[in-house]
Structure formats: structure tokens, C-alpha cells
Amino acid sequence: MDSATDIIKRMQAVLGAEEQYELAHFLSIQPQSVSQAIKRNKIPPQWILDFYFSRRVNPEYLAYGREPKLIGNSQLVNFVTRSEVSGDTWNTPPLVDAVLTENGGYRPLPIDWNWIALDAAWIEEQQLAPAALFTLRCEGDHMMPEIAPRDLVVFNTDQTEPIPHRLYVVRIDNTLAVYRLLVNFGNIILRSTNPAYSEHSISRECIQSPEFSIQGQVIAVARRFQP
């Protein structure tokens, strides 16, 4: 295994983090734990596992610098951003607004370049139900740099059971937003990637209530770069 300094540099690069406190925020640890790991030249295995389960980062990449950086679903998703898709090759999850209807339903958005298409073969391989997939155009900078404003996330409404450190689309009052979820004694912790935002705790009594609900797990993210 490479030095702790090299491993931490790779972790920060994956996160787009310039400072060690940003890494500590992601790992739910104190900033001094990072500096202590460097001093002892020993990385806790759980840190590497957290990157694998939450970001699909290859443990061998973090430990030894061996490619590929990512493994799992991140290598299997193909996107097409086009206004018209025909045939059975692509699946096009409906694009919905972040603001729900008065009845709490999804508000469809007009199809434009923001429309996303997923490889139908990949969806079948993952045993996903196409009718349960939706695309959300993200707002706000609370998940930067992981998810930027106007990024598109595909979420699966069949997957609402919270798995720690995974990304989910949640409903807060009448608005949809993406957060990384943690579970603490039955309560849900909403975590932002941007360290400028504090965590929010949702008590177990409020989960799946008119004020809050988990809409689905994020399975893919796409970003269109402006020329």
C-alpha cells in the first residue's frame, strides 16, 4: 500500500477537495484524524470502503494508484443528450421539475437538450423497472463539486430504503433535492458535499411524512459542459 499521504491526495482528488477538512467532512470524522493518519502513515480500511460504497471508487486505485479509478455501475451507464430518441436501444426517464404539483406529484418539464437517455441493456442488466426511473434537474450548490446546479440525476423510486452514504432524491415540503443520507439511531441525516452547508437531521417520526420523504436512490448523474 502506498503512503498515507498519497492515498489521501487521491481521496481529495476524487472529491475535488483542496483541503483536508473537506475530506474529513465526507468521511464523518474530525479533521485531526486525517493529519493523524498521515503522521502514523496508516489509513483506516473503513475510509477506503466508504469511497467504494458511496462513489464506486476502486480500492486498488486509492491504495496503489492502479486504474481503473471507478468500478461497478459507473462503467456501465451510457448517456445520450438529444431531443429525439427512437427504438429500443435507449430508455428515457421523464424529466421532472424540482417543485412538485399542488397534489405532491411530479411536474414534467418540456423535452430539450436536458433530456437524458440510458442504455436499455444496462437497465435490464441492473434489473431496474423503467417506469420507476425519473430524471431531476438539480438546483443549488449544496452538493458542489459532486453535483452542480443544472446537473441531471436519474433516481429510482423503487429504492427508497436509505443505505448510508448513498445519494438520494428527497422531498422537503414541496421541493425535490439531492442529499447524501446517513442513518443515526433511526433518524436520517441529510449531508451536503459542500462543506459550507451544515447537516440536517430528520427525526424518525417525520420520515415519510407530508414534510419529508425519500423519493428514490440516485443511480446516475450527467453534466452538460457549456462550450
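Helices and strands are DSSP runs, with at least four residues for a helix and at least two for a strand, and they are numbered from the N terminus. The exercises below apply this naming to a predicted model.

**Exercise 1. Locate Ser28, describe its backbone, and decide whether it is buried, partly exposed or exposed.**

Solution. Begin with the elements on either side: Ser28 sits in the loop that runs between helix H2 (20–27) and helix H3 (31–40). Turn next to the backbone, where phi of Ser28 is near 60°, a positive value in a residue that is not glycine. Finally, take the relative accessibility of 39%, because of which Ser28 counts as partly exposed, the partly exposed class lying between the limits of 20% and 50%.

**Exercise 2. Carry out the same analysis for Phe185.**

Solution. Phe185 belongs to the loop between E8 and E9, and although Phe185 is not a glycine, its phi is positive, at about 55°. With a relative accessible area of 70%, Phe185 is exposed. The strands flanking this loop, E8 (residues 175–184) and E9 (residues 187–191), pair in the antiparallel sense over five bridges, and within this pairing Leu181 has Leu190 of E9 as its bridge partner.

**Exercise 3. Work out which strands lie at the edges of the eight-stranded open sheet.**

Solution. Write down the strand order, which is E3-E5-E6-E11-E7-E8-E9-E10, with mixed pairing. Then look for strands that pair on one side only, and these edge strands prove to be E3 (95–96) and E10 (200–202).

**Exercise 4. Describe the surroundings of Ser213, beginning with its strand.**

Solution. Ser213 is placed in strand E11, which covers residues 212–222. Its relative accessibility is 6%, and therefore Ser213 counts as buried. The side chain of Ser213 makes a polar contact of 2.7 Å with the side chain of Gln215. When neighbours within four places in sequence are set aside, the contacts of Ser213 are with Val170, Arg171 and Gln208.

**Exercise 5. Identify which helices build the largest nonpolar core, and which of its residues touch the most other members.**

Solution. Start from the membership: the core has 19 residues, of which Met11, Leu23, Ile43, Trp47, Phe51 and Leu62 touch the most other members. Then assign the contributions, noting that helix H1 (4–15), H2, H3, helix H4 (45–55) and helix H5 (59–64) each provide at least two residues of this core, while H1 gives the most, with five residues. Leu23 can serve as a worked case, since, apart from neighbours within four places in sequence, Leu23 is in contact with Ile8, Met11, Gln12, Leu15, Val34 and Phe51. Apart from this core lies another, of 15 residues, including Val96, Cys138, Leu167 and Val178.

**Exercise 6. Compare the exposure classes of Cys138 and Cys206, and state how many disulfides the structure holds.**

Solution. Cys138 has a relative accessibility of 5% and so counts as buried, whereas Cys206, with a relative accessible area of 32%, is partly exposed. A search of the whole structure finds zero disulfides.

**Exercise 7. Place Gln32 in its helix and relate it to Tyr21.**

Solution. Gln32 is located in helix H3, and with a relative accessible area of 43% this residue is partly exposed. Along the chain, Gln32 and Tyr21 are 11 residues apart, and their C-alpha atoms are separated by 8.5 Å.

Definitions and conventions:
Residues numbered from 1 in each chain as written. Predicted model: local features only at pLDDT ≥ 70, side-chain atom pairs only at ≥ 80, totals over all residues. Heavy atoms only, no water. Buried < 20%, exposed > 50% of the residue type's maximum accessible area, 1.4 Å probe, protein only. Polar contact = N/O pair within 3.5 Å; in protein donor to acceptor, adjacent residues only side chain to side chain. Contact = heavy atoms within 4.5 Å. Pairing = 2+ DSSP bridges. Core = buried A, V, L, I, M, F, W, Y, C linked by side-chain atoms within 4.5 Å. Disulfide = S-S within 2.5 Å.
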